[in-house]
Every structure is written in C-alpha cells, then in structure tokens.
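Me: Please take a close look at a single part of this model and describe how its side chains are placed and paired. A formal, connected account would be appreciated.

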Amino acid sequence: MERSDDAHDRDAHERRQTIIDRMLAQALHPVSNDRSPSHDGLPDDMRLVVDVLLAKAEAQRQRRLTYEDLEEALPPRDVTAEDLEAIFWILSEHGIAIEDGDPAGD
C-alpha cells in the first residue's frame, strides 16, 4: 500500500509541477490576444513621455511618480485612452506606479 501512496504523491507532484511550469511559461510568453504595449510601438511623442518619466523616476530613485509628473510629461495634443494605458503598462513593467501625492514626501 505504501508503494501506491508514493506513486500517488509522485503523480500529485508531477501535476503541480506541470501547472507551475505552464503558469511560468504563460507569464514569460503570454499567449492572449491582448498585445502588451511596446515602447517601440508607441508614437514618437508617447515614447518621449515614457522616456521622460523613466528618467525622472531613476533620477529621484523612486518607484512611483505623481499624476502631476505625468501631466508635465504629456504632449500638448489630445492623448487617447490607449496612449495612457500603454504608458501605465510600460511604467508598471519597470516597477513604476503613477499615484496621487508627492513622491518626495515619503
């Protein structure tokens, strides 16, 4: 009977490992229809916004910026919801959040 329990434990371990491997593969290479915004795929002015915000976060050694920082970096044209979503997505990939308040006040 012990042999059966060992085999059952191995099977359970293999199933868990398969799930973990699949989750890791999906995290590294998502297969969804939703495309992740790419810095290179943004219009020139939106790439500049992302670059300015990343540089500001780096200079301040912060992992968050304010909505005021975002407003200052945005171009004078109307910005689409897709542009903003792409900016937030790319910043989050770099571990940077946009929040209310003053990051220097922490």
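Reply: Arg47 has a relative accessibility of 23% and therefore counts as partly exposed, the range for that class lying between 20% and 50%. Its partner in a salt bridge is Asp44, with the closest N and O atoms 2.2 Å apart. Asp44, at a relative accessible area of 57%, is exposed. The two residues stand 3 apart in helix 2, which means that about one helical turn separates them. As the model is predicted, these values describe computed coordinates.

A second salt bridge joins the side chains of Asp45 and Arg77, at 2.5 Å from N to O. This pair links distant parts of the chain, since Asp45 belongs to helix 2 while Arg77 sits in the loop between helix 3 and helix 4, 32 residues apart. Asp45 is partly exposed, with 25% relative accessibility, and Arg77 is likewise partly exposed, with a relative accessible area of 33%.

Helix 2 also provides Lys56, which forms a salt bridge with Asp69, the closest N and O atoms being 2.8 Å apart. Because Asp69 lies in helix 3 and Lys56 in helix 2, the pair ties together parts that are 13 residues apart in sequence. Asp69 is buried, its relative accessible area being 8%, whereas Lys56 is partly exposed at 26%. Salt bridges with shared partners join Asp45, Arg77 and Asp83 into one network. In total, the count comes to 6 salt bridges.

Asp83 leads on to helix 4, where this residue is buried along with Ala86, Ile87, Ile90 and Leu91. These buried residues cover an arc of only 125° around the axis, and so they lie on the same side of helix 4. They pack against helix 2 (44-60), helix 3 (67-73) and strand 2 (97-99). On the other side of helix 4, the exposed residues are Ala81, Glu82, Glu85 and Glu93.

As to its geometry, helix 4 spans residues 81-93, 13 residues in number, and reaches 18 Å from its first C-alpha to its last, close to the 18 Å expected at 1.5 Å a residue. Helix 4 is followed by Gly95, which has a positive phi, near 80°.

Helix 2 thus appears in both parts of this account: Asp45 of helix 2 pairs with Arg77 in the loop between helix 3 and helix 4, and helix 2 is among the elements against which the buried residues of helix 4 pack.

Methods. Residues are numbered from 1 along each chain as its sequence is written. This is a predicted model: local features need pLDDT of at least 70, side-chain atom pairs count only at pLDDT 80 or more; totals for chains, interfaces and linings use all residues. Side-chain values use heavy atoms; hydrogens and water are left out. Helices (H or I, at least four residues) and strands (E, at least two) are DSSP runs, numbered from the N terminus. The expected span of a helix is 1.5 Å times one less than its number of residues. Buried means under 20% relative accessible area, exposed over 50%, partly exposed in between (1.4 Å probe, protein chains only). The arc is that of the directions from the helix axis to the C-beta atoms. Contact means heavy atoms within 4.5 Å. A salt bridge is a side-chain nitrogen of Lys or Arg within 4 Å of a carboxyl oxygen of Asp or Glu.
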